[in-house]
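Me: I've got a model open here and would like to talk through how its helices and its core fit together. Can you take my questions one at a time?

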Amino acid sequence: RRLVKMACEGGSCGKSSSKLNNGGISLAVSIMMISVCLTSASSPTIVFDVYSDLACPWCYVGKDNLDAAIANFRKSGGTENIEVHWKPFMIDPATAKEGEEYMAYNRRRWGSDGWTYSLPGRRDNTKFQNWKTWPNTLHAHRLMHLAEQKGGWELQHRAKGILFRMIYEDGENISLLPTLVKAAEELGIEGAEKYLKSDQDVDVVKSEAREASRMGISGVPLFLAYRADVEHKPMTLSGAQPTKALQQCIKELCQK
């Protein structure tokens, strides 16, 4: 039971709660300052860099909460641009290449799947309705990378939602090439099958995932939020933050 708490409770998945080390904070500030140089002060943009793994159910919850926070911000009259950039993280790179059956993986790692019933919507079956596989997410992260190359952050954000839906609601295995090709077709990405059959960007994704660990990130989701037109340290939010907390974050950034 102690392993469960370390792995996937408290709103995040990973070894423990994440705390950025000094190098990570410096890197995050550098990313923010680069964005400052590229963004006009006349069009303020709020940016969320979100470190996440598709094999993390709390990341699925966190994305839905972020989407709701942005929607509420728009309903309240907020006009600032908001971008969401998804950064790769791999909780368990040792997961079988073709993924593992849901219950078998949970029993192997934690003895049971009891911890999953703390996930919002899991117990009353309004969410996580058809979760059959614990996927190996390397190639899904590559598809996310390709989506960003083809259509920027917006297409990448759509890709994240589609892949989460496939895992947790559709009962599909995103470890497998045909499933990822199906997702690419839904996204309208041409050439995805050829790309995924190659080794292109495997090293890029692995390097970005290692960089997250070097920054001191050990649990996801982790949100780094900042104004791209104002020089300041990013706000850091760890775990699947509730919608209200993410709304407050957006509000505070608007006031900088």
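**Helices and core**

Me: Leaving out residues up to four places away in sequence, which residues does Trp 131 touch?
Reply: Keep in mind that this is a predicted model. With residues up to four places away in sequence not counted, Trp 131 touches Pro 57, Tyr 102, Trp 115, Thr 116, Leu 119, Arg 122, Ile 167 and Tyr 168.

Me: How many residues are in the largest nonpolar core, and which have the most contacts inside it?
Reply: Trp 131 turns up again here, among the residues with the most contacts inside that core. The core has 66 residues, and the full list of those with the most contacts is Phe 48, Trp 131, Leu 143, Leu 163 and Ile 189.

Me: Which element gives the most to this core?
Reply: The top contributor puts 13 residues into the core. That element is α5.

Me: How do α5 and α6 cross, and why is α5 called oblique to α6?
Reply: Helix α5 covers residues 138-168 and helix α6 covers residues 177-187, and their axes come within 9 Å. They cross at roughly 120 degrees. Angles of 65 to 115 count as roughly perpendicular and those over 145 as roughly antiparallel, so α5 is oblique to α6. As for hand, the crossing of α5 and α6 is right-handed.

Me: How do the residues of the contact of α5 with α6 divide by class?
Reply: On the α5 side the contact includes Leu 143, Leu 155, Ile 162 and Leu 163, and on the α6 side it includes Leu 180, Ala 183 and Leu 187. Charged residues take part too, among them Arg 158 of α5 and Glu 186 of α6. The division is 11 nonpolar, 2 polar and 4 charged.

Me: What about α3 and α5: what is the angle, and what is the hand of the crossing?
Reply: Helix α3 (residues 57-75) packs against α5 with the axes 11 Å apart, at an angle of about 135 degrees. That makes α3 oblique to α5. The contact is made by Pro 57, Cys 59, Tyr 60, Lys 63 and Asp 67 of α3 with His 157, Lys 160, Gly 161, Phe 164 and Tyr 168 of α5. The crossing of α3 and α5 is left-handed.

Me: Is Thr 137 buried or exposed?
Reply: Thr 137 sits in the loop between β5 and α5. Leaving aside neighbours within four places in sequence, Thr 137 is in contact with Asp 53, Leu 54, Ala 55, Met 90 and Ile 174. Its relative accessible area is 2%, so Thr 137 is buried.

How values were computed:
Residues are numbered from 1 along each chain as its sequence is written. This is a predicted model: local features need pLDDT of at least 70, side-chain atom pairs count only at pLDDT 80 or more; totals for chains, interfaces and linings use all residues. Side-chain values use heavy atoms; hydrogens and water are left out. Axes are lines fitted to C-alpha atoms, for helices over the stretch in contact, and angles run from 0 to 180 degrees between N-to-C directions. Helices (H or I, at least four residues) and strands (E, at least two) are DSSP runs, numbered from the N terminus. Angles under 35 degrees count as roughly parallel, over 145 as roughly antiparallel, 65 to 115 as roughly perpendicular and the rest as oblique. A crossing is left-handed if the near helix is turned anticlockwise from the far one by less than a right angle, and right-handed if clockwise. Contact means heavy atoms within 4.5 Å. Ala, Val, Leu, Ile, Met, Phe, Trp, Tyr, Cys and Pro count as nonpolar, Asp, Glu, Lys and Arg as charged, and the others, Gly among them, as polar. A nonpolar core is a set of buried Ala, Val, Leu, Ile, Met, Phe, Trp, Tyr and Cys residues joined through side-chain atoms within 4.5 Å. Buried means under 20% relative accessible area, exposed over 50%, partly exposed in between (1.4 Å probe, protein chains only).
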